[in-house]
Amino acid sequence: MTALPYLYRWDRHGRKGQPCRLSARSRAGTASFALPGFGLPRPARFNSIRVEFADGAAMITSGNAIRKAKP
């Protein structure tokens, strides 16, 4: 297992393509949502994550900004 298992894929702060690791994810909130006919209600979760890079820099970003690195 690698210490930096993800790649940052957005071009923010010149970090595109750099390896990173996930250090925090938003937790489920108290609110929930339910759509009729689509199963049980689930707690709402934001898509915010905190990532850290090899040089120690960290940022809060969207979960859509990272992908698993190919081995």
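Select H13 to begin: in this predicted model, H13 is exposed, with a relative accessible area of 72%. That figure is above the 50% cut-off for exposed residues. H13 belongs to the loop that runs between β1 (6-8) and β2 (19-25). Check its backbone torsion as well: phi of H13 is near 55 degrees, a positive value in a residue that is not glycine. Most residues other than glycine have a negative phi.

**The strands on either side of that loop**

Next, select β1 and β2. The two strands run antiparallel and are joined by two bridges. To see a bridge position, display Y6, which stands opposite C20 in β2.

Keep β2 on screen and add residues 48-53, which form strand β5. β2 and β5 pair in the antiparallel sense, over five bridges. Two positions can be picked out here. R21 has E52 in β5 as its bridge partner, and A24 stands opposite R50 in β5.

**From β5 to β6**

Now add strand β6, residues 58-62. β5 pairs with β6 in the antiparallel sense, again over five bridges. S48 stands opposite S62 in β6, and I49 stands opposite T61 in β6. In a regular strand the side chains alternate between the two faces of the sheet.

Move to the turn of this hairpin. Four residues lie between the strands β5 and β6, and in this hairpin G56 takes a positive phi near 95 degrees.

**R50 and its surroundings**

Which residues does R50 touch, leaving out those up to four places away in sequence? Select R50, which is found in strand β5, and show its contacts. The residues touched are R21, L22, S23, A24, A58, M59 and I60. One of them, A24, is also the residue that stands opposite R50. R50 is partly exposed, with a relative accessible area of 32%, a value that falls between the 20% and 50% cut-offs. For a distance label, use S26: R50 and S26 are 24 residues apart in sequence and 8.7 Å apart in space, C-alpha to C-alpha.

**The aromatic pair**

Select Y8 and F53 and draw their ring centres. A pair of aromatic rings is described by the distance of the centres and the angle of the planes. The count of aromatic pairs in the model comes to one. In this pair, the ring centres of Y8 and F53 are 5.6 Å apart and the planes are at 75 degrees, so the arrangement is edge-to-face; the angle cut-off for that class is over 60 degrees. Y8 lies in strand β1 and F53 in strand β5, so the pair ties together parts that are 45 residues apart in sequence.

Are the two residues of this pair buried or exposed? Y8 is buried, with a relative accessible area of 1%. F53 is buried too, at a relative accessible area of 5%. Both values are under the 20% cut-off for burial.

Leave F53 displayed and add R15. The charged end of R15 sits over the ring of F53, 4.5 Å from the ring centre.

**A second loop**

Go to L35, which has its place in the loop between β3 (32-33) and β4 (42-43). L35 is exposed, with a relative accessible area of 53%. Then label the distance to N64: L35 and N64 are 29 residues apart in sequence and 24 Å apart in space, C-alpha to C-alpha.

**The whole chain**

Finally, clear the selection and show everything as a cartoon. The secondary structure comes to zero helices and seven strands, and the pattern along the sequence is β-β-β-β-β-β-β. The radius of gyration is 15 Å, well over the 11 Å that the globule rule gives for 71 residues, so the protein is more spread out than a compact globule. Drawn along the principal axes, the box filled by the C-alpha atoms is roughly 45 × 25 × 25 Å.

Colour by accessibility: buried residues make up 21% of the 71 residues. The protein exposes about 5600 Å², and carbon and sulfur atoms supply 56% of that area. On a contact map, residues 24 or more positions apart account for 43% of the contacts with a separation of 6 or more.

Notes
Residues numbered from 1 in each chain as written. Predicted model: local features only at pLDDT ≥ 70, side-chain atom pairs only at ≥ 80, totals over all residues. Heavy atoms only, no water. Buried < 20%, exposed > 50% of the residue type's maximum accessible area, 1.4 Å probe, protein only. Pairing = 2+ DSSP bridges. Phe/Tyr/Trp six-rings, centres within 6.5 Å; stacked < 30°, edge-to-face > 60°. Lys NZ or Arg CZ within 6 Å of the ring centre and 35° of its normal. Rg over C-alpha atoms; globule rule 2.2 N^0.38 Å. Contact = heavy atoms within 4.5 Å. Areas by Shrake-Rupley, 256 points an atom, 1.4 Å probe, with all protein chains shown as cover.
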